[in-house]
Amino acid sequence: MLGPMDAGSPKLEDQQLRPHWRSLRRLILGMSILYGLFCLVGSELLLTPPPRVPTVGGSGDRRSPDRVGSAEFHVDEVHLPEGLRLPLWWASPSAEPAGCVMLFHGRGGVYAEDRMRFVLASGRAVVALDFRAHGQAPGDSSGFGYTEQEEVRATLAWTRQRWPRTRIVAWGRSMGAAAILFAADRTRELAGVILESPYSSLERALRNRFEMHFPSWLYPLCQGPVLLGEIRSGLWLDRIQPVRQISRFRADRVLLVQGALDQRVQQDEYEGFLAALPGLPGVVLKGLGHADFFRSGGDSYRARILGRLSEWLTP
């Protein structure tokens, strides 16, 4: 006769499986802890911009520019409703300039001294600032252009107060272009806007950057960090879609610029902007990716910008 502990009995099988179940539970717990840490670190990386750029326009230091010809550079501040004070740089060739250009940099950048000098040399006033958590501005988190829309509005209010009768153009790159779009209730009234490489939606921007480094089938693992980032910041992916704002502008007052090799903002996103605003003039720069077009686009690109400024800012 077989005893109660003979092979094949349910009790014996249960005893044999217990070590395996304990190992499985430990594995699941360990993986859960690791994924939780991954979510925490990932959400922090999403919300924190890259290390602050220590240089301005390639000059090798963080001092404010001094002058271009007879035009002096000045430093001021814009005040945000939450109490932040952001540094703003401006210069004008005269008390009543023939137009003004506001410059808005991308994520991880700072105000661009080379663009400021370019605008000044054309006879227009120029205004630029460091977005929050960038350059010399306070703050430790970035809003991908959605939060920065308030900074665009504040800069525009400062500019209009200083030159109330002057026509204004906004020129933004990447995140700066997105911020201009999110502030459409104000910026659509401008003489013109130049949008370099705006992303279509934050969800797409995150996916594009992930797939630049990892296989696409791993992307679902990012949903945890993204959700935690949304909860921590109050910024929800379904709200952060610059492409939804472009239809609020007049097509003849917008110039959309895209790099043909851009992996961060891809060609179908550029085409989505064009489809959302019929008649929107677009420029695709061959051989360039998600680059600083002012520096990489050459004389032909700068000449194109000068042509638009003359068109928009000439009374």
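Good morning. I begin with a group of aromatic residues: ring pairs link Trp90, Trp158 and Trp163 into a cluster. Please note that this is a predicted model. At the edge of my first topic stands a cationic contact, in which the charged end of Arg162 sits over the ring of Trp163, 6.0 Å from its centre.

Trp90 also leads us to the strands. Its bridge partner in strand 6 is Val127. Strand 4, residues 85-91, and strand 6 are joined by 4 bridges and run antiparallel. Strand 5, residues 100-104, is likewise joined to strand 6 by 4 bridges, but these two run parallel. Within that second pairing, Leu103 has Ala128 as its bridge partner in strand 6.

How are the residues of strand 6 oriented? Ala125, Val127 and Leu129 point one way, while Val126 and Ala128 point the other way. In a regular strand, side chains alternate between the two faces of the sheet. Both sets in strand 6 are buried. Because 5 of the 5 residues of strand 6, residues 125-129, are buried, the strand is largely enclosed by the rest of the structure.

I turn now to helix 2. Together with strand 5 and strand 6, helix 2 makes a right-handed β-α-β unit. Of the 9 residues in helix 2, residues 113-121, 7 are buried, so this helix too is largely enclosed by the rest of the structure. The buried residues are Glu113, Asp114, Arg115, Met116, Phe118, Val119 and Leu120; charged side chains are thus named here beside apolar ones. Just after the helix, Gly123 takes a positive phi of about 95°.

My last topic is the aromatic contacts of helix 2. The structure holds 9 aromatic pairs. One of them joins Phe118 and Phe294 edge-to-face, with 5.0 Å centre to centre and 70° between the planes. Since Phe118 lies in helix 2 and Phe294 in helix 9, residues 293-296, this pair ties together parts that are 176 residues apart in sequence. Both Phe118 and Phe294 are buried.

Phe294 has a further partner. Trp171 and Phe294 form an edge-to-face pair, with 6.2 Å centre to centre and 70° between the planes. Trp171 belongs to strand 7, residues 168-173, and Phe294 to helix 9, so this contact ties together parts that are 123 residues apart in sequence. The relative accessible area is 1% for Trp171, which is buried, and 8% for Phe294, also buried. Finally, the charged end of Arg302 sits over the ring of Phe294, 5.5 Å from its centre.

Thank you for your attention.

Definitions and conventions: Residues numbered from 1 in each chain as written. Predicted model: local features only at pLDDT ≥ 70, side-chain atom pairs only at ≥ 80, totals over all residues. Heavy atoms only, no water. Buried < 20%, exposed > 50% of the residue type's maximum accessible area, 1.4 Å probe, protein only. Pairing = 2+ DSSP bridges. Right-handed = clockwise from strand over helix to strand, strands pointing away. Phe/Tyr/Trp six-rings, centres within 6.5 Å; stacked < 30°, edge-to-face > 60°. Lys NZ or Arg CZ within 6 Å of the ring centre and 35° of its normal.
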